[in-house]
Amino acid sequence: MQPLSHIEMPAKIENMGNLIETVIDCARKNNIDEKNILRIELAIEEVLTNVIKYAYESEPGDVHVTCFFDKGNHFTIEIEDQGIPFDALSIDEPDISGDISERKIGGLGIFLLKQTMSDVTYERKKESNILRLTV
Amino acid sequence: MDLVTRKERGAVVVSVKERINAVTAPDFENQISESMDAGEKFLVLNMADVEYISSAGLRVILATAKKLKAVQGDIFLVGLQGVVKEVFELSGFYQIFKVFDTEEEALGQL
């Protein structure tokens with residue numbers, strides 16, 4: 001797998017824009033259509049929000065974002081952190097059936113990324129959490 | 001966050017001109033709260049110029065809707081399109097919110 005782009009930055013909210021922009025630029029250069037680019041932006045924002053909020057409890061740490069084409073030639077984004085082990089895909093899906101008074105606030109981020117990407121996988125490898133999003 | 005706010009027929013009409021993401025959502029929430037602070041109960045949120053919303057934005061809209069429902073108010077959404085509409089549909093919000101094509105139709109509910 002030959003990376004198309006790679007960026008690593010401290011996992012902080014002020015770096016969210018740069019991290020997302022790197023992926024969007026890469027997707028655009030590789031002819032991903034605008035609708036899928038918005039879906040990619042959504043998916044990585046939701047992952048990065050989680051990493052920024054939860055991965056590093058005491059010491060600050062970095063997040064790595066890499067784009068590549070997988071074996072099936074699908075545009076794929078890999079988001080890696082060295083924070084506490086956390087499989088975002090294992091959390092319960094929100095109940096989306098209730099009306100406004102019944103709906104709980106929050107819990108939609110990971111649900112949305114699962115819905116908008118064709119495949120999402122999690123791997124804990126050595127000290128890293130790795131989420132792979134396939135468009 | 002660039003919002004254009006006016007009052008019409010007893011409702012606060014807010015046009016959102018920017019993407020609503022994890023970075024802009026706190027300001028979006030503050031500005032919406034300020035617009036509704038004077039005891040306003042009805043909010044028309046025009047999203048026609050919004051091409052992007054994430055769960056951070058949905059959170060603000062749901063929290064606002066809950067507050068307005070609690071005072072027998074309501075929220076009307078206008079002009080959802082593209083991926084924004086898709087996000088509302090996927091999250092189940094499209095089914096529980098009152099959604100209109102135009103501000104005129106939304107204001108007609110009052």
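**View 1. The hairpin of strands 4 and 5 in chain A, with A:K126 at a positive phi near 50°.** Two residues sit between the strands of this hairpin. The model is a predicted one: local features need pLDDT of at least 70 and side-chain atom pairs count only at pLDDT 80 or more, while totals for chains, interfaces and linings use all residues. For reading the labels, residues are numbered from 1 along each chain as its sequence is written, chains are lettered from A and ligands numbered from 1 in the order in which they are written, and side-chain values use heavy atoms, with hydrogens and water left out. Strand 4 (residues 119-125) runs antiparallel to strand 5 over seven bridges, and A:V120 has A:L133 as its bridge partner. Strands here are DSSP runs of E with at least two residues, helices are runs of H or I with at least four, and both are numbered from the N terminus. Two strands count as paired if DSSP finds at least two bridges between them.

**View 2. Strand 5 of chain A and its pairing with strand 3.** Strand 5 covers residues 128-134, and six of its seven residues are buried. Here buried means under 20% relative accessible area, exposed means over 50%, and partly exposed is in between (1.4 Å probe, protein chains only). Strand 3 (residues 75-81) pairs with strand 5 in the antiparallel sense, over six bridges. Look for A:E80 opposite A:I130. A salt bridge also joins A:E78 to A:R132, with their closest N and O atoms 2.7 Å apart. That pair links distant parts of the chain, 54 residues apart, with A:E78 in strand 3 and A:R132 in strand 5. A:E78 is buried at 10% relative accessible area, whereas A:R132 is partly exposed at 23%.

**View 3. More salt bridges, in both chains.** Side chains of opposite charge can pair when their charged atoms come close. The cut-off used is a side-chain nitrogen of Lys or Arg within 4 Å of a carboxyl oxygen of Asp or Glu, and over all chains the search finds 15 such bridges. In chain A, A:R28 meets A:E34 at 2.9 Å, N to O. A:R28 is partly exposed, at 43% relative accessibility, and A:E34 is partly exposed with 43% as well. A:K114 pairs with A:E93 at 3.5 Å between the closest N and O atoms. A:K114 lies in helix 3 of chain A and A:E93 in the loop between strand 3 and helix 3, with their positions 21 residues apart in the numbering. A:K114 is partly exposed at 27%, and so is A:E93 at 46%. Over in chain B, a network of salt bridges links B:R6, B:E8, B:R9, B:E103 and B:E104.

**View 4. A nonpolar surface patch in chain A, plus A:N50 in helix 2.** A:I84, A:F86 and A:I91 make a patch of about 220 Å². Patch residues have over 30% relative accessible area and no salt bridge; like charges are joined within 9 Å, and nonpolar side chains (Val, Leu, Ile, Met, Phe, Trp, Tyr) within 5 Å. The areas come from the Shrake-Rupley method with a 1.4 Å probe, and for residues only the protein chains shown count as cover. A:I91 sits in the loop between strand 3 and helix 3 (109-116), and at 37% it is partly exposed. A:N50, in helix 2, is buried at 16%. Neighbours within four places aside, A:N50 contacts A:A55, A:F86, A:A88 and A:I110, where contact means heavy atoms within 4.5 Å.

**View 5. The largest nonpolar core.** A core is a set of buried Ala, Val, Leu, Ile, Met, Phe, Trp, Tyr and Cys residues joined through side-chain atoms within 4.5 Å. This one has 74 residues, and B:F28, B:L45, B:M47, B:I61, B:F88 and B:F97 touch the most other members. Helix 2 (residues 34-55) of chain A gives the most to this core, with 10 residues. Not counting residues up to four places away in sequence, B:F88 touches residues including B:M47, B:L58, B:L77 and B:F93. Apart from this core lies another, of eight residues, among them B:A11, B:F76, B:V78 and B:A106.

**View 6. B:L43 in strand 3 of chain B.** B:L43 is buried, at 0% relative accessibility. B:V13 is 30 residues from B:L43 in sequence, but their C-alpha atoms are 6.0 Å apart. Beyond four places in sequence, the residues B:L43 touches include B:V12, B:V14, B:I32, B:M36 and B:F76.
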